[in-house]
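Visitor: I'm new to this structure and would like a close look at one part of it, the place where the metal sits. Could you set the scene and then take me there?

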Amino acid sequence: MILGIESSCDDSSVALIDEGTLEQIYYKKISQEEEHAIFGGVVPELAARLHTKALPALLNDILPNLKDINAIAVTNEPGLSVSLIGGVSMAKALSIALNIPLIAVNHLVGHIYSLFLDREATFPLGVLLVSGGHTMILEANENGEILELASTSDDSFGESFDKVAKMLDLGYPGGAVVQQNALLCEDKDRFKFTVPLLHDKRLEYSFSGLKNQVRVEISKLETITQKDIADICYAFENTACEHILNKLDKVFKLRNFKRFGVVGGASANLNLRKRLETLCQKNECELLLAPLSFCSDNALMIARAGREKYLKKEFISHDKLTINPRVSFKKFELDL
Ligand code: KG4
Ligand code: ZN
């Protein structure tokens with residue numbers, strides 16, 4: 001079995017998979033959402049403390065399986081350094097105690113493998129990665145090497161949902177609750193937000209201006225009713241999705257994707273999924289989606305990505321395994 005460990009942000013998670021059949025042997029996630037909600041966002045120091053409590057509790061669950069583990073795959077980048085260190089420390093300790101190899105997994109690559117949890121991966125593949133920390137258009141080539149075609153210059157897609165939710169006092173995280181409220185909107189033309197960088201040729205995302213447009217509209221309201229919330233959430237979500245699709249449209253004109261996947265916590269957004277379905281149909285491209293319950297951070301995707309490195313024997317010694325809060329993929333400039 002391969003053991004996967006994830007602790008890059010505010011979820012502590014452990015998974016065991018059979019490296020031959022990809023069968024899921026064990027999976028559990030302890031989310032810290034409730035603890036961070038009162039602060040309206042992730043508090044790194046609190047996240048670190050909660051990981052030191054949750055990770056050993058998860059390990060306790062799989063004590064009978066330890067003898068069957070052949071390698072330990074752990075997220076070592078990118079993420080909050082104080083969070084990453086929890087999972088990496090546990091992985092190192094286990095690797096030394098059990099004398100089994102370590103595999104370093106990039107969290108974003110892990111998200112890509114959430115598309116292939118129960119089957120072999122198929123590349124090449126275009127990918128939209130939308131999470132709380134990242135918004136990127138990527139391309140994985142035949143060898144699974146990842147190139148970055150576009151990214152955001154400020155906030156990420158998911159983060160903008162979190163910030164809008166905070167402005168409307170809807171709690172944290174904001175993605176699901178903003179989506180729920182948007183579905184209640186009955187006055188779809190009431191708020192009109194400008195789509196960011198609509199006439200800008202660059203392949204780039206930006207969500208901070210849209211967030212400010214929302215802030216201005218909220219400040220004009222004397223009291224905020226349930227109807228105001230629904231109307232604002234709808235207009236915001238629609239504009240954010242339009243921004244994503246506008247740039248993707250350009251990419252699809254230049255890259256002849258046969259398969260396209262959407263991953264990351266915010267890929268659970270139904271408005272976005274619907275638009276991507278239309279885009280892929282128009283371009284005769286197969287759309288790959290991760291199961292809804294594995295869109296957000298989880299150790300199963302880390303074990304799954306680790307399994308690819310296991311087959312290639314890409315191990316790392318415990319003294320070489322470091323954490324990297326930020327990482328970047330090789331840039332691939334499209335000729336626009
Ligand atoms: O991938 P993830 O679990 O954590 C990171 O690696 O960042 O993504 C979490 C992000 C949060 O910002 C959350 O608000 C957003 O995904 N999210 C959504 C939805 N569900 C989760 N954003 C938009 N619509 C959703 N339905
Ligand atoms: Zn993530």
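Guide: Happy to. Let's start from the outside: the protein's accessible surface comes to about 15,200 Å², and carbon and sulfur atoms hold 52% of that. Keep in mind as we go that this is a predicted model. Along its principal axes, the C-alpha trace spans about 60 × 45 × 30 Å. Inside that outline you'll find 10 helices and 12 strands. The radius of gyration is 20 Å, close to the 20 Å that the globule rule gives for 336 residues, so the protein is as compact as a globular protein of that length. Buried residues make up 53% of the 336.

The chain also folds back on itself a good deal. Take the contacts with a separation of 6 or more: 74% of them are between residues 24 or more positions apart.

Now for the metal, where you can see one such long-range link. The zinc ion (ligand 2) has three protein donors, namely His-107 through NE2, His-111 through NE2 and Asp-297 through OD, and they lie 2.1 to 2.2 Å from the ion. Written as a pattern along the sequence, the spacing of these donor residues is H-x3-H-x185-D. His-107 belongs to helix α4 (residues 107-113), while Asp-297 is in the loop between β11 (286-289) and α10 (299-311), so this pair ties together parts that are 190 residues apart in sequence. Are those two residues buried or exposed? Both His-107 and Asp-297 are buried.

While you're here, look at helix α3, which covers residues 81-98 and includes Ser-95. With a relative accessible area of 9%, Ser-95 counts as buried, because the cut-off for that is under 20%. Beyond its neighbours within four places in sequence, Ser-95 is in contact with Ile-72, Ile-100 and Leu-102.

One more stop shows what burial looks like along a helix. In α5 (residues 157-167), the buried residues include Phe-157, Gly-158, Ser-160, Phe-161, Asp-162, Val-164 and Ala-165. What covers them? Among the covering elements are the strands β6 (125-130) and β7 (135-140), together with the helices α6 (175-183), α7 (208-220), α8 (226-254) and α9 (270-282). After α5 comes Asp-169, which has a positive phi, near 60°.

Last, the charges: there are 37 positive and 45 negative side chains, and the centres of these two sets lie 3 Å apart.

How values were computed: Residues are numbered from 1 along each chain as its sequence is written. Chains are lettered from A and ligands numbered from 1 in the order in which they are written. This is a predicted model: local features need pLDDT of at least 70, side-chain atom pairs count only at pLDDT 80 or more; totals for chains, interfaces and linings use all residues. Side-chain values use heavy atoms; hydrogens and water are left out. Helices (H or I, at least four residues) and strands (E, at least two) are DSSP runs, numbered from the N terminus. The radius of gyration is taken over C-alpha atoms; the globule rule is 2.2 Å times the number of residues to the power 0.38. Buried means under 20% relative accessible area, exposed over 50%, partly exposed in between (1.4 Å probe, protein chains only). Contact means heavy atoms within 4.5 Å. Accessible areas come from the Shrake-Rupley method with a 1.4 Å probe; for residues, only the protein chains shown count as cover. Lys and Arg count as positive and Asp and Glu as negative; His and the chain ends are not counted. The place of a charge is taken as NZ of Lys, CZ of Arg, CG of Asp or CD of Glu. Donors are N, O and S atoms within 2.8 Å of the metal (3.2 Å for Na, K and Ca); water is not among the atoms, so sites may look incomplete.
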